[in-house]
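Work through the exercises below with the structure open. Each task is followed by a stepwise solution.

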Amino acid sequence: MEVKKSKKNNIISLKKNSKCPTCKKISREPFIPFCSKKCANLDLMKWLTDEHGLQIKSD
Ligand SMILES: [Zn+2]
């Protein structure tokens with residue numbers, strides 16, 4: 001079984017200044033790992049649509 005060092009580095013960088021997975025801006029308290037509540041909600045929506053196989057149009 002291989003242990004990748006990059007995984008450990010990811011955890012460290014996540015704590016320091018992670019980027020919002022939704023819009024790639026720097027994460028901000030108290031929304032980390034997101035930059036805003038909007039992005040957190042967007043990611044949740046994405047997760048939910050994946051989970052249920054639904055499609056939500058953003059436009
Ligand atoms: Zn964002």
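**Exercise 1. Place and classify Ile 32.**

Solution.
- Start with accessibility. Ile 32 has a relative accessible area of 40%, so the residue is partly exposed. The bounds for that class are 20% and 50%.
- Next, the location. Ile 32 sits in the loop between H1 and H2. Keep in mind that this is a predicted model.
- Now the contacts. Neighbours within four places in sequence are set aside; Ile 32 then touches Ser 18 and Ser 27.
- Add a distance. From C-alpha to C-alpha, Ile 32 and Lys 19 are 8.7 Å apart, with their positions 13 residues apart in sequence.
- Finish with the backbone. The peptide bond joining Ile 32 and Pro 33 is cis, and its omega is about 10°.

**Exercise 2. Find another cis peptide bond and a positive phi in the loop between H1 and H2.**

Solution.
- Check omega at Pro 30. The bond from Glu 29 to Pro 30 is cis, with omega near -5°.
- Confirm the places. Pro 30 belongs to the loop between H1 and H2. Pro 33 is in that loop too.
- Then scan phi. Lys 24 is not a glycine, yet its phi is positive, near 70°.
- Locate Lys 24: the loop between H1 and H2.
- Classify Lys 24. Its relative accessible area is 56%, so Lys 24 is exposed.

**Exercise 3. Describe the zinc site: donors, geometry and spacing.**

Solution.
- List the protein donors. They are the SG atoms of Cys 20, Cys 23, Cys 35 and Cys 39, at 2.2 to 2.3 Å from the zinc ion.
- Test the geometry. The 4 donor atoms subtend angles of 103 to 118° around the zinc ion, so the arrangement is tetrahedral. The criterion is that all angles lie between 85 and 135 degrees.
- Read off the spacing. Along the chain, the donors follow C-x2-C-x11-C-x3-C.
- Ask what the pair Cys 20 and Cys 39 ties together. Cys 20 is in the loop between helix H1 (5–17) and H2, while Cys 39 is in helix H2; the pair therefore links parts 19 residues apart in sequence.
- Check burial. Cys 20 and Cys 39 are both buried.

**Exercise 4. Trace the surroundings of Thr 22.**

Solution.
- Locate the residue. Thr 22 is in the loop between H1 and H2.
- Classify Thr 22. Its relative accessibility is 31%, so it counts as partly exposed.
- List the contacts. Not counting residues up to four places away in sequence, Thr 22 touches Phe 34, Cys 39, Leu 42 and Asp 43.
- Take one C-alpha distance. Thr 22 and Lys 46 are 24 residues apart along the chain and separated by 9.7 Å.

**Exercise 5. Which residues form a nonpolar patch on the surface?**

Solution.
- Name the members. Leu 44, Met 45, Trp 47 and Leu 48 form the patch.
- Give the area. Together they have about 390 Å² of accessible area.
- Place one member. Leu 44 is in helix H2 (residues 37–52).
- Classify Leu 44. At 46% relative accessibility, Leu 44 is partly exposed.

**Exercise 6. Summarise the whole chain.**

Solution.
- Count the elements. The protein has 2 helices and 0 strands.
- Give the buried share. Of the 59 residues, 14% are buried.
- Sort contacts by separation. Among contacts with a separation of 6 or more, residues 24 or more positions apart account for 0%.
- Close with the surface. The protein exposes about 5900 Å², and carbon and sulfur atoms supply 57% of that area.

Note on methods:
Residues numbered from 1 in each chain as written. Predicted model: local features only at pLDDT ≥ 70, side-chain atom pairs only at ≥ 80, totals over all residues. Heavy atoms only, no water. Patch = residues over 30% accessible without salt bridge, like charges linked within 9 Å, V, L, I, M, F, W, Y side chains within 5 Å. Areas by Shrake-Rupley, 256 points an atom, 1.4 Å probe, with all protein chains shown as cover. Salt bridge = Lys/Arg side-chain N within 4 Å of Asp/Glu carboxyl O. Helix = DSSP H or I, 4+ residues; strand = E, 2+ residues; numbered from the N terminus. Buried < 20%, exposed > 50% of the residue type's maximum accessible area, 1.4 Å probe, protein only. Donors = N, O, S within 2.8 Å, 3.2 Å for Na, K, Ca; no water. Tetrahedral: all angles 85-135°; square planar, octahedral: opposite > 155°, others 65-115°. Contact = heavy atoms within 4.5 Å.
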